[in-house]
Amino acid sequence: MTRKFNFSAGPAMLPTAVIERAQAEMLDWNGSGMSTMEMSHRGKEYMSIAAKAESDLREVMGIPDNYKVLFLQGGASSQFAMIPLNLMGDKASADYINTGMWSKKAISEAKRYTTVNIAADTSEGGFTAVPTQAELKLDPNAAYVHYTPNETIGGVEFDYIPETGDVPLIADMSSTILSRPLDVSKFGMIYAGAQKNIGPAGLTIVIIRDDLLGKASSNCPTMFNYSVHAENDSMYNTPSTYSWYMAGLVFEWLKEQGGLEGMAEVNKRKAEKLYAAIDATDFYGSPVAINARSWMNVPFTLADAELDAAFLKGASERGLVTLKGHRSVGGMRASIYNAMPEAGVDALVAFMQEFEAANA
Ligand SMILES: *Cc1c(COP(=O)(O)O)cnc(C)c1O
């Protein structure tokens, strides 16, 4: 068996140790005589798995007690509608920062339910930078401020947390959650689809401050209401049980890696190695402003795009796969989430140097 270094943006690699543990527990979880995907979500065994996953996530992220953690379905994309449906209260508008493809999707969905004020927009520069705090045109009467700390497609990441005063800050952390320590108390709500840095697809995590619950609009569907999920410990209906279990294994693995401090150290080193290789030569290039370069998603181009196909083919022959850039950006994109071993980045850098030597 050979595991490839899979640079996919999502679904993405999972730690091999986690998959091996799931494999070992597959047929008989802890003497129960069944796999976790065959268990009643209301049974004692599954409830213990679910509770352990939540308490490990709380521990790993340092989530304060006045926040609820919800294990939902529908992807980060459902949150684009759930946020305005739940959080507008009696406010008339919400602020959105537009830094790329995922912000744009959140904005167009929110416009179906409320008035959107664009607090900043980096589309003119082709979504290659982040606005500074001084550039944000924030409305003190907004219901909330929404932003995307890490734009997965553009590889653009905020190097600061926006200061929004008393207005709750909402973050789509799908591609950066768990990559480094985070002060959760600075946020009203954090959400993330699981398939990048948490676990398998099918699970969406929402971390929401208590005081933001109970304000859903009267036409909000029951399944879209955060309060309903909070009151039912995310078991109002059948949750995505296997993905929740797998996420729990990832949280345990994170603790073994030294938590988010440990992850941050490795992630920083991985990103620095890759950007250094890109910057070392004119053969490769990065369109992203230096201060906004993502640790998790690294788009890069070859000066001669005619060589793209040969690059991808050569990489694939060396077990380095899913490096093709998003269709809207072109070039290459290496997603190097927590589960991408440093050896994968080393192998990519070695191949980049070898390919340049052969083709420059
Ligand atoms: C992948 C991604 C999404 C979409 O997630 P789904 O779970 O597929 O709905 C939204 N926002 C960001 C930042 C993403 O990376």
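**Contacts, salt bridges and a ligand**

Modeller: In this predicted model, R58 touches I63, P64, D65, Y67, K68 and V69, leaving aside residues up to four places away in sequence. R58 itself is found in helix α2, which covers residues 44-61.

Biologist: What makes the approach of the R58 side chain to the backbone oxygen of P64 a polar contact?

Modeller: The side chain of R58 reaches that backbone oxygen of P64 at 3.4 Å, and because a polar contact asks for N or O atoms within 3.5 Å, the pair qualifies.

Biologist: K68 is one of the residues that R58 touches; why is the pair of K68 and D210 called a salt bridge?

Modeller: The side chains of K68 and D210 meet at 3.3 Å, taken from N to O, and the cut-off for a lysine nitrogen and an aspartate carboxyl oxygen is 4 Å, so the name applies.

Biologist: Which parts does the pair of K68 and D210 tie together?

Modeller: K68 lies in strand β2 (residues 67-72), whereas D210 lies in the loop between β10 (204-209) and α5 (226-231), so the pair ties together parts that are 142 residues apart in sequence.

Biologist: How do you know whether K68 and D210 are buried, exposed or partly exposed?

Modeller: K68 has a relative accessible area of 31%, and D210 likewise has 31%. Buried would mean under 20% and exposed over 50%, so a value in between makes a residue partly exposed.

Biologist: What makes K186 and D183 a salt bridge, and how accessible are they?

Modeller: Their side chains meet at 3.5 Å from N to O, which is within the 4 Å cut-off, so they count as a salt bridge. K186, at 46% relative accessibility, is partly exposed, and D183, at 36%, is partly exposed too.

Biologist: Why are E342 and K273 said to tie parts together?

Modeller: E342 forms a salt bridge with K273, with the closest N and O atoms 2.8 Å apart. E342 lies in helix α9 (residues 342-359) and K273 in helix α7 (residues 259-279), so the pair ties together parts that are 69 residues apart in sequence. E342 has 18% relative accessibility and therefore counts as buried, because buried means under 20%, whereas K273 at 31% is partly exposed.

Biologist: Which residues do salt bridges with shared partners join into one network?

Modeller: R21, E25, K52, D56, E59, E252 and K255 are joined in this way. By the rule used here, the count comes to 19 salt bridges.

Biologist: Why is L27 called exposed?

Modeller: L27 has 73% relative accessibility and so counts as exposed, because exposed means over 50%. L27 sits in the loop between α1 (16-24) and α2, and together with M26 and M37 L27 makes a nonpolar surface patch of about 320 Å².

Biologist: Which residues come nearest to the ligand?

Modeller: Of the 13 residues around the ligand, S77, T152, D172, Q195 and K196 come nearest.

Biologist: How do you know that S77, T152 and Q195 make polar contacts with the ligand?

Modeller: A polar side-chain atom lies 2.6 Å from a ligand oxygen atom in the case of S77, 2.4 Å in the case of T152 and 3.0 Å in the case of Q195. The cut-off is 3.5 Å, so each pair is a polar contact. Taken alone, the ligand exposes 380 Å², and the protein buries 87% of that.

Note on methods. Residues numbered from 1 in each chain as written. Predicted model: local features only at pLDDT ≥ 70, side-chain atom pairs only at ≥ 80, totals over all residues. Heavy atoms only, no water. Helix = DSSP H or I, 4+ residues; strand = E, 2+ residues; numbered from the N terminus. Buried < 20%, exposed > 50% of the residue type's maximum accessible area, 1.4 Å probe, protein only. Polar contact = N/O pair within 3.5 Å; in protein donor to acceptor, adjacent residues only side chain to side chain. Contact = heavy atoms within 4.5 Å. Patch = residues over 30% accessible without salt bridge, like charges linked within 9 Å, V, L, I, M, F, W, Y side chains within 5 Å. Areas by Shrake-Rupley, 256 points an atom, 1.4 Å probe, with all protein chains shown as cover. Near = heavy atom within 4 Å.
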